[in-house]
Amino acid sequence: MSSAVDGPDDRLPQSLLDAIAPHGHTRSFPAHAILINEGDTTDSLYIVLSGRVKVYASSDDGRELVLTEYGPGGYFGELSIDGERRSASIKAIEACTCRVVQGSELRQFLAESPDFAFHLTRKLIRMVRRLTEQVRSIALQDVYGRMVRVLTELSEPVGDERVLRHKLTQKDIADRVGSSREMVNRVMKELTAGGYVGQRDGRMVILKKLPASW
């Protein structure tokens, strides 16, 4: 299963960031800190002001499946507005600062701000569509196909190449495609030997179009 990164439409515009600011307080978290644990009963909304976090589900044996990431302007925790337990965990990928809005204040702000309510509704719609794509991916694609998908989503074009936006280890990739690090390592070795991928300044570079199948 591939993960996604929040797109521009998922991030709050400055006008809404300014409007919600009086309803929350600012907290800073070090890299690798757990902001939310799956199963928690808290109901706060978190808005990322700086840094990056990942949303993930974990198994009893400690394996993780990364669902998405959020950077500045992204927000998470809105699903708890229904009073149910948290459905996923959130960890800081790097040191980050968030504005934290308590559930009661969030509900008040939703009632006062139709623009925020509309933004939240559209974000939830996009989330459902992404999850549908992820289910389709894990049901119909092999590990290689899921790797191509996630590497494309996490990179941007630079000339004839694609450069990953952030540094990723093979374990990071495995956590995003629902596979083992050993399988990812095997595929990456073959892609490197074939001249399809390389490294530059610590980041992976897709040197030419990846083959449709492997």
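Which residue in β7 is the bridge partner of Y46? Keep that in mind while we set up the view.

**Before you start.** This is a predicted model, in which local features need pLDDT of at least 70 and side-chain atom pairs count only at pLDDT 80 or more, while totals for chains, interfaces and linings use all residues. Residues are numbered from 1 along each chain as its sequence is written, and side-chain values use heavy atoms, with hydrogens and water left out.

**Stop 1: the whole chain.** Show the protein chain as a cartoon. You should find six helices and 13 strands; these are DSSP runs numbered from the N terminus, with helices being H or I of at least four residues and strands E of at least two. Along its principal axes, the C-alpha trace spans about 55 × 40 × 30 Å. Of the 214 residues, 43% count as buried, meaning under 20% relative accessible area with a 1.4 Å probe, protein chains only (exposed is over 50%, partly exposed in between).

**Stop 2: an open sheet.** Select β2, β9, β4 and β7. These four strands form an open sheet in the order β2-β9-β4-β7, with antiparallel pairing; two strands pair if DSSP finds at least two bridges between them. Look at the edges: β2 (25-29) and β7 (75-76) each have a single partner strand, so one side of each is left without a neighbour in the sheet. Now zoom in on β4, residues 45-50, which is joined to β7 by two bridges in the antiparallel sense. Here is the reply to our opening puzzle: Y46 has F76 as its bridge partner in β7.

**Stop 3: a histidine in a loop.** Next, select H23, in the loop between α1 (14-20) and β2. Is H23 buried or exposed? H23 counts as buried because its relative accessibility is 12%. To see what surrounds H23, show V101, E105, Q108, F109 and E112 as sticks: H23 is in contact with these residues, leaving aside its neighbours within four places in sequence. Contact here means heavy atoms within 4.5 Å.

**Stop 4: helix α5.** Move on to residues 170-177, which make up helix α5, and colour its buried residues: I173, A174, D175, R176 and V177. Which elements do they pack against? Add β6 (64-70), α4 (143-153), α6 (181-193) and β13 (203-206) to the view, since the buried residues of α5 pack against these. Finally, click on G178, which follows α5 and has a positive phi, near 70 degrees.
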